[in-house]
Structures are given as structure tokens and as C-alpha cells.
Amino acid sequence: MSENPLIIQSDLTVLVDVSSPRYANARDALARFAELVKSPEHIHTYRISPLSVWNACAAGVAVGDIVETLVDYARYPMPVHVATQVRDFADRFGRVRIERDESDPAARHLLVRTNDSLLAEELSRGRQLAPLLADRVSPTVFRINHADRGRIKQALVKAGFPAEDIAGYAAGESLDIALRPCTRSGAPFALREYQRDAATAFHARGSERGGSGVIVLPCGAGKTVVGMEVMATLHASTLILTTSVTAVRQWIAELLDKTTLTEDSIGEYSAHSKNVCPVTVATYQILTHRARAGGEFTHLELFDRRDWGLIVYDEVHLLPAPVFQITATLQARRRLGLTATLVREDGREDDVFALIGPKKADVPWKVLERQGWIATAVCTEVRVPLAGEQRMAYAVAEQRNKFRVASENRAKTQVVRDILARHAGEPALVIGMYVEQLHEIARDIGAPLITGTTAQGRRDDLYERFRSGALPALVVSKVANFAIDLPDASLAIQVSGTFGSRQEEAQRLGRILRPKQGDNQAHFYSVVTCDTVEQEFALKRQLFLCEQGYEYEIADAHELSQAGPVVER
Amino acid sequence: MKLLDVEWTSVLGELPRWWALRLPARRALLDGLKTHGFVPGQRFGKQLEAVIASGIAEFDPVRNRLWVGDAQRELVKVFRAMDRHRVFDAPGRATLVKYLEDHFTNTEIEVLGAGVHGGRYGHMSRHTLAPRIAFAGWAGDLLDARDDPALVAWGDARGWVAAESATTGRSIRVLRDLQRFARRLIDFPDGVPIREQLALLGDEDVAAFADALHAGLATAVVFVGLRSDDLEPMVGLWPDAVRELTRPPAKQPSAAVPVEQFTLAVNMEDMTTLLATIAAAPVRLRADDGAVFANARKVIEGRLAVLPHWAAHLFESDRVTRVDGAARDLGFHGLVQVRSQSGNPHLHATSGGGPWLALTPRERLASLIDPLRRSTNQNPGTQYDVIHAESFFPFVIPWFETPKSLRLRESLIDAFLGAARGFIPIEDFLDHAAREANPFLALPQSGTRDFHFPMYIAGYEDPRETLRNLWRNMLEQFLIVRLIGLGGASIGRLVNGSLGFELTDAGRYLLGAADAFEYGSSNVADVVVQPNFDIVFLGAAPATEAVVARFSQRVGSAPGLAFRITRASVLGAAEAGATADEIVGALRRASSKPIPKNVEREIAGWVDAVRRGRLRVLEVIECADEETADRVGALLGGGTKAQRLTPKIFELPAGTASARLAVIKRLRAGGVFLENTTSAMDARPARRRHRRDEWEDEEL
């Protein structure tokens, strides 16, 4: 038993000893029904929750397998109630199904079927469900309006009885699309095995059990390619939602580069353009835009503009609340969520489960890193004292302003230079929050600056030049956080950041975690003013990155200036 | 009407009148007829004719009224008496007490209870006699009497004398008849119609039957009453007693398969958790009762081993929490002691506590079990003895002396080792042992000088019941405290929801049936310090916990994520004098893997940032300007040891109120007047008697 890697705690967290000889097998088995919470160097933490067990059940994992896995790999006897709780969670899945009403060819109604009348009685009396389940066909069956499909699923998840939705989907408008064997630029192109597996898991051979769900892959693993493969499998018109105009254009570029689609079949729907085509790529922002507070979301009607066969939610963990609401009415459409993490800051993971679908594929980033698909990253926190002339300003500043004063430490500029010198020749991103500081750094190092006010055309041009190597460094503000693909940025220097948000860190690292030429190693530096509130907040970042499994070092600025160029490992 | 005053021969002869009535008429008769006086005929409605026909009541058709004649009066009274006490329908304690109240005088009750053990020493009332009558032994002793002398002794003990008999012979005959009668009644736990018993007799036997019935009523062995359904006169022994007497022997319990099971030396583990906490920082106790302070107790409870919900009640009660139990046990074993700290009692680890924590789990458990095993006492102490932690028995005998022939240790070991292998239902085990293998019941019941237990503990119960309960409670107590609590038995939840137990190796070791046992892991647990500052215990390591707890925050329990290093926790250790090297060194010794560099770096940074100062309360003289301060300095001179802190402020040394006043006086004399802004300055020295000339000096 002492070789076994799992320590199962009574609060359903599972600690995994990575040094155990059985670790890899245990991890693969555990990941089917538990969510990875943190993965620092030696002991990883997973959590079993109702949602994680339901995701497993939706993927066909039997509860007996789950308990057997825990028992088989446990280092100590499992707490007595864990098996009971897991069985209880699993028992709740599949007790309610949403099916087609065969007697209704117009498909205006669906059936909600329970596996026993007592459960039907209990559900029909639930405050949220009662009005939706008013039409009872038999002791165990209710007839519902198809438009309530999403709301019912949400309410059932909250009631603890997730529904298995096998009511099927509308086929949508047909679309002729296939992946190219070579990209438009002439490079060979083929799916990686894990991408194919993810797409296959989603599609489920076209059965009702497929067609809705979330693919979880680390940043840089090629979620866009998975989306395209799904589109090519379904051959249906597709609406793609993503987080920014830049990301929209990135998607369009990828679709043109790697599929047989042409320019006239892909449309951009954003603040700049309102083209609705068989494949339309839109931003969440435009969908949630309204002329005045409390007004209508006029662009949500995009969902009804075409007979979409597939809706892709890029970065689904950032789905805004109004989009959830409209998604609840789109349950007859196939829905694909793409994300690096199921964890949402607002805790609405159960809504993702109910309205987008269960997790269909999840590949740990360590696996992809080992296989060379994403770069390894070394994180270094460089501590620099506050510049002399700013110390008094910091001392007398109000508490809420201290962070900014510390963040805009002028001494950081030299540190940036020193880091760039250590990594001479490596494409570098300098990321920050305060535009004045970024202006100064950009001037100092002679690199262009991209902010929120930079015109889209100029932005695209600078990105292209950076990708091609014409620009060795770019200075970017928050705008670069989300969904931009800069494959050859192997160095990121963060000079200021918001208050340690997990999402921030994940995204910033995502900018550099792409397969690199050569040694496939990336470096992420945070420059922090020591003995200030910035250092206190940097501790949160440190904890997060360690928990994600990144190697984390701390160095003083003067050590860096004396060190030579980096020797890659 | 007292049933004991009834002439039963004639009443029995009149019963056919009653049997001729149907239920409605019987009811009407009971509700309507009075034993004296007239009753209007309308009261009986449709039943009037039947009542008249029965002959129980006389009827005046002219005035349409009924009355009970002398011949039938006693019969009616008997029925009304039997109707008042539904002995066979609701045979509860309250019914019996009411029955005794109605049919026995206080004197009769005292006489009846005089033979009860201890009854002669105190007042016997119907309340105290009722439980004794209700128990099986009251009738059981009659049924068990083997010969005439035993019958007579039984009758005498209950103060029964055949009032009409001048010879013992009739008494014996009546007692024999009563015994035969009682032996027939044993087959009827809910009573039997008197009619059926009479049907078994010839005419000449009715009188004997009546005598036996009377004797049975007078000794409260036999009861009569009307059955609710049909108001049929019934006779029988006390129902609960019959059920107890006819209960089949308890079967030897057989093994069952548990649905869930649990094995843990809970008491030892609780002691370990508490001691590890105390070793890190003493735990405060309540001054009034010595219990662990509520706040500390809540925190410690969060670290105790989680028990299955169906077993938790075995280890905790309303009076003693697990934490307090563990504290008591640690004290018993000399691992903690109470010392005052900041004026409050605290539990501190003794010099033996640390080494005990460093033992393996098996060694710690053995340190608790071995003294029990080695102890030589064959019986527990008696009621004034103290229970020692190293006593084999976690209980005492509630008597003044121990019977000489008692060997409870053997009996107890036999009971547990004799149980079938596998999980035995606990209730079945205790029931069987209490009834069929009870060392107390096997003791001689009389003639044993030292076999008497205090009446106030006996509570006027049936001794057999008391002894069954006593042995049962002892076995249960041993099972929970000495076996389950020390990992000597696994507990399981059976299919029907009841609990079962199975001896483990440790249990057999404790009982002397094995020479060794295993418990827990003997390997030193891996402890890992993570880059995210978590400290994960890959096994139980209480000694390491005690060390690590000094500079990290407890977030869970071992095995698992147990601690987290935080800035606050490191600063707390630094405040107590720890250096970064000491903290990192302790982590290196504890961790099986290298300490992450970022963790070392942060700890060093936090400790390096520590600065120390001193908080003092000063008395100062603040002067308006430097010139005044110069004058003050000159006036104070070197004698007062005042220190000039700034150009305008002097610090006065801590001193008495009179020294302060002396300073004030000196300054006043030099023309420097101080404004009183401190309450301390109100503390003037005690007044002394002034002489007239002194007053004059002060005024000037």
C-alpha cells in the first residue's frame, strides 16, 4: 500500500504523490472523475465533486470503476463515507433524461423522464422546476416546451439531479468544409492525436450523447484546431464566439489557413463589422453590448440569424451571464466549449455543465509538455527596491494607491533591460497594466507599444511583424491577455499586473506556452518592487503558479544584472 | 372495593349471570348500575331487559327502576373493581401502582414488601413495590419453589397467612394450589378468561380455586381484570413477568457480515492528536472544571480522526468530549501536566510527551495496552475505589465488597474470546452473556455474607434483573473503552442498522490470547514541503507535526495536507525567537525532499524583516519651552534620575506616588507648576495627622 500514490481525505480531496511508481496510471484514472485543483512539484491535489462525478458518468465511467480506482490506488484505507458520497453523486446522474417526444413531429415539445415516480414527485414540487414541469404525462414523465430545455437542465443541476440530454439536435444549415492536408502557407498540417481524440469524444459518432460539451486543453495546445475538426466533422454552419476582435481575426486567419473555407463563407461580427456568413466569428462583447444600461442586448439576435448547426464558445470559462441566458434557449443546437480551465471566477461551473455540456476531453498540460506540444516554462520573480525618489511618494500614498506607486517603480526599466540582455535574440513580450509605465519602457528598449487605443490595423501589423521575427520585442497592455496566438514568444516580462487574479496569470503564461523552435523552453518574469504591497500580492501569483506546477524562482535585481546570459536546460 | 375482601367462592358461583350477558348489556350494567340506591330503567335503554334477565339487578316495573340486591352487590363491586384496572390490556407501571393503591392498604404494602431485600430498612410504598412486582422474579420465585418449606418461606416473605386457617396444613395446600394455578397461567401472557379456568374444575374444586385465587391476589402474583374487547373477566400473572419467564434462552450470537466497518485505536489517536497540539503550544483549560477551553477544544476537534456517523456515539457523550477524554488519559499516563500560564491553567507536555509522540503508532498503542495486560487484578475495585488508567477493568463493582468466588477477569476474557469469529451483533452478544453466561447469577444467591449490595443502589429491583444489567454494562464498558477504543475490536454496521464487533489482533493481545499485534505503519512518514508552501504529510507523524506546528498554520490533519507556511505563522515563530535558519533547518529535517528554493527565500525574507521594540508606559514632564525645561532640569537635579528625552520633555523613572509628589513639590517650590493630566497623580499617600505648625508652613 505504501507505493500507492493516492491519499484520499474525508473532504473528497485526493492528494497524489507524483514520485510513486504508480503515479501515471493513477493520474489517468483519477482525471476521469476528479478535477485537478493544483499541481505543485511533488503532491498534486484533485477534488471529487458532484460535477466531476457527473462529468465522468456522462463520459460513461461506471461508479464501480470510480470506487475501485480509489481503493486500488489509495495509500491508506479510504474514509468510510467517501465511497458512499461518490455513489450518491453518481446515483443522481441518469435518473432524469430529456428525450424527444415521438408523438410531436413538430418537435415543439420534449419529454422529461425520471426513473421513479417519487423522484418525479419531488422534482415537480421544486420551486424552480414546478412551473416548468406542470404537464405531467405519467407518474414518471413530464412534457415540456422545447424552449425550456435549457432552463430545466439548469434547475435540475441545482436540484442535484443532472439531466442526461438525449433529445438530439437540429442539423442546421449544411456547410462544405474540410481540413487541409497543407496549410495555405504551404506547411504540412495534421491533427495531433490528442486533438483528434478530443474532437472524436465530442462528436460521439453523431449520437445524441455527443454534440454538446467542453474540451479542456492547456493554453497553446491547439483548441482552435479541435474546433475546426469538429466543424469539419459536422459539416454545419457555425457561430464562433470569442473574447476580442483580435481573437476573432485570429480564428478567421486559422480557418482560412487550415480549412477549405474561403473568405466569402466566413464573416466577422464585431464592433467593426457585422457580417453574418455560414461561419461567423463574433465577440462576447458585441453580443452583450447594449445602448444603455438596462436596455436590450440587440446583437443577441445573431443567434437566430441563421440555422446554426454548431455554436463554439471559445474561452468558455469567460462566458458572460447574458450569453448564458440566450444559450439556455439554444439547446437544440450543438454546442462546443473550449477552455484551458473549467474554473470560473464567478463559480458558475454548473451552468457550463448544464447549458454547454459535460466535459468531453481533458489533457493535463504536463502530459503535453512532456510530449513537446507545449513549452516548459520557468517562472522567475525579480525583486527590485523602490527607486529612491519614489520612496517618499509610496510612504505617504493612501493605501489604495500604494499598489500603483509600487507597480510603476522606475527602477523596473533597468530590470527589463537586464532580462532582455540575458535572453538576447529571443522574441519577448513585455506586459503591463499602466500605460505610462509601458510607454516609458517601450521608449527605453526601442519596442512598439500596443494598448487599448491602438488601431486594429496597426495592431495586426505589429503582431505579424513580431511573428515573422522582424520585431524582437513587443510591449503590450492588458489587451494581449486573451486569445492572441503569438507562437514564437518565448519570453514574457510582466512589469505590473492586476491583483493576482488566477485568470490573469493563466492567460499571460498562455502567451508563451507554444511549441518553440529549438529547446522548447519559455521564460516568464515578474518584476516586483520589494517591501511593498506589490510583493504581498505577488505572493498570490507565486502560489498560483506553483500550484499549476511551474518552477518558480526568486531573484534580486542586482543578482540578475550580474548574471550572464541564460543557459537553457 | 378491595379484591382481597371478596368472598371469591360465591363470586365465582355468580359469574354465569355475567356470562349470560352480551357486551352491550355488560357495558350498560357497569356504566349504569350503582351498588346502592335506585337507578332509572331508561338508563339501560335497549339493554334493560337483558340486565333484568341476568338477575344481577332487581327491577321495579311500576317505578321503572333497578337496584342491586344484597346477594349480588359483591358481584357488582367485583366487576366494577375489575373494570377500573385494565391489567391485561395496558399492563404498565402506572396501572400497577393504581392497582396497588386501590386494593392494598399501606400496611399491607409494607408487609408485602418486607421480604424484599432491603425493604426492612426503609419505607415501602406502592411506587417502590410496583417495579419489584412487575419483574419476573416475583412470580418466578413461586414457580421455582421446589418443596413445601420453600413455598411456606415464599408465602411468609410476602406476609401471607391463610387468615381462616389455624393450621399450617391448609396454608400449604393453598400455596400448592396457587403454585399449580400459576404454572397453568404461565402459558397465557395476556391472561385467560376465568370461565376457562373454572371449566377445568369440578364443583368440589371451586372452593380450592377460590382460595388459591385469593392467595394469589393477596400476594400480588395473580391479577384479575376485565378484557376491553368484551368485558370478559380475566385472570393471569403480571403480563411482563410472564413474557420474561417464558422468554426462550438467548441464543449464542452468530457472525454477520457488516455493510461498513471501522477500525481505529480512537482513544490512542485522540491522545496523539491532542499531545501534538500541546507540544506545539500549551492548551488552555477552564479554571472552574479543568476542561479544555471551548475555543481550543473546537480547533482540536477539527483535527481529530473522523468517525463514521453510526459509531461516533460510542466515543463521546454529553458530559465528556473526546478532547477532554484524551486530556484525562494523557494526564493518567503522565504525558501532560497542568501548569499556570498568564494566570490561567494550561496543559503542558511533560518530558515524556515528546518521546511518546516519536514512537510508532504500534509502540504508542502498546504503551497503553501493556500495563493493562500486565495488571494482576482479577476483579475490579469496589464502589469507593478509583479506576486507574492501568487497571484492566474500566469500571468498579457497585458494592462494598467483592464476593470471594468472583473471577470477573476470567469471565470477561472468556466472554469475548468465546464469541464466534467474525462480526458479532453487539446487542445479541451482551444479551446472551447477561442471561446465559453471567458470573453474578452463578454466585450463590443466599448465605453469602459478603453478597449484598446497597439498597439504595439496588433500587428495589429484582436482583436477577440487576445482576443481568450489571454484567451487561460491564461487558459493554470493557468493549468500548478497552477494546474498541484501543483498536482491540473493529466495529461494523450490520444490514439491519445495528452494530457489531470483531476482535482484532490488538484485542486478542490485550486479552492474553496472542503474543503480538500489529497496528499502523512502522515507517517514518514522508513529509513534503511544497513550492506553494503546503506541508503534506504522507503518513501520520505526530512528532513532526508538533515541530512543524510551531511555525506553520494547521489546515488539516495527517495524512494529507496538514499545514501551510504563511507569513503570519513564520512571524509568530519569529516573535517567539525562532530564526530563519532554525525554521528552515526544522523543515529540512522533517521533509523527505529538498525544500523548494522559493520557500526558503520567502521564510528568510519574512524573518529578516522582523524588527523588535519595547513597549513601555512613561511618565513625562512636558515643558512649554526649552528654558522651562532647563529650569526643571536644574530643580530636579541628579537625585530624581529624571532623563531628558528631548529639549522639552523629561522622563520620570517609575516610582511610587510619594516619590512623584516629591517631584511635584520640589518643582512647585521652584515656581514650576505641573498640570495634572494623569489619574495616577490622584493616588495621594495616606494622610497623616498634621501638627498645627505644619499647616502653617504649607499654607505659606
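**Exercise 1. A helix and its surroundings**

Task: Find which elements the buried residues of helix H25 of chain B pack against, and decide where those residues sit around the axis.

Solution. This is a predicted model.

Step 1. List the packing partners. The buried residues of H25(B) pack against two strands of chain B, E16 (553-554) and E17 (560-564). They also pack against helix H26 (580-590) and helix H27 (597-608) of chain B.

Step 2. Name the buried residues. H25(B) spans residues 567-575, and B:Ser569, B:Val570, B:Ala573 and B:Ala574 are buried there.

Step 3. Check the arc. These residues cover an arc of only 140° around the axis, so they lie on the same side of H25(B). Here is the general background: an α-helix has 3.6 residues a turn, so residues three or four places apart point the same way.

Step 4. Look at the other face. Turned away from the buried side, it carries the exposed residues B:Ala568 and B:Glu575.

Step 5. Follow the chain onward. After H25(B) comes B:Gly577, with a positive phi near 105°.

**Exercise 2. A sheet of four strands**

Task: Work out which strands stand at the edges of the open sheet that contains E14 and E16 of chain B.

Solution.

Step 1. Write the order. Four strands of chain B form the sheet as E14-E15-E17-E16, with antiparallel pairing.

Step 2. Read off the edges. Strand E14 (527-529) and E16 of chain B each have a single partner strand, so one side of each has no neighbour in the sheet.

Step 3. Inspect one pair. Strand E15 (residues 534-537) of chain B and E17(B) run antiparallel and are joined by four bridges. One partner pair is B:Phe537 with B:Gly560 in E17(B).

Step 4. Link back to the helix. E16 and E17 of chain B are among the elements that the buried residues of H25(B) pack against.

**Exercise 3. A sheet of three strands**

Task: Find the edge strands of the open sheet in chain B that has three strands.

Solution.

Step 1. Write the order. It is E1-E3-E2 in chain B, and the pairing is antiparallel.

Step 2. Read off the edges. Strand E1 (39-40) and strand E2 (58-60) of chain B each have a single partner strand, so each has one side without a neighbour in the sheet.

Step 3. Inspect a pair. Three bridges join E2(B) to strand E3 (residues 65-67) of chain B. B:Glu58 stands opposite B:Trp67 in E3(B).

**Exercise 4. Two crossing helices**

Task: Classify the crossing of helix H5 and helix H7 of chain B.

Solution.

Step 1. Take the distance and angle. The axes of H5 (residues 93-103) and H7 (residues 126-134) of chain B come within 9 Å and cross at roughly 120°.

Step 2. Classify. Angles of 65 to 115 degrees count as roughly perpendicular and those over 145 as roughly antiparallel. H5(B) and H7(B) are therefore oblique to each other.

Step 3. Give the hand. H5(B) passes H7(B) in a right-handed crossing.

Step 4. Name contact residues. H5(B) contributes residues including B:Leu96, B:Val97 and B:Leu100, while those of H7(B) include B:His127, B:Ala130 and B:Ile133.

**Exercise 5. Loop residues of chain A**

Task: Decide whether A:Leu12, A:Glu315 and A:Lys478 are buried or partly exposed.

Solution.

Step 1. Recall the cut-off. Buried means under 20% relative accessible area.

Step 2. Take A:Leu12. It lies in the loop between strands E1 (6-8) and E2 (13-17) of chain A. Its relative accessible area is 7%, so A:Leu12 is buried. A:Leu12 has a positive phi of about 70° although it is not a glycine.

Step 3. Take A:Glu315. Its loop runs between strand E14 (310-314) and helix H11 (321-327) of chain A. At 8%, A:Glu315 is buried. Its phi is positive too, about 50°.

Step 4. Take A:Lys478. At 42%, A:Lys478 is partly exposed.

Key
Residues are numbered from 1 along each chain as its sequence is written. Chains are lettered from A and ligands numbered from 1 in the order in which they are written. This is a predicted model: local features need pLDDT of at least 70, side-chain atom pairs count only at pLDDT 80 or more; totals for chains, interfaces and linings use all residues. Side-chain values use heavy atoms; hydrogens and water are left out. Buried means under 20% relative accessible area, exposed over 50%, partly exposed in between (1.4 Å probe, protein chains only). The arc is that of the directions from the helix axis to the C-beta atoms. Contact means heavy atoms within 4.5 Å. Two strands pair if DSSP finds at least two bridges between them. Axes are lines fitted to C-alpha atoms, for helices over the stretch in contact, and angles run from 0 to 180 degrees between N-to-C directions. Angles under 35 degrees count as roughly parallel, over 145 as roughly antiparallel, 65 to 115 as roughly perpendicular and the rest as oblique. A crossing is left-handed if the near helix is turned anticlockwise from the far one by less than a right angle, and right-handed if clockwise.
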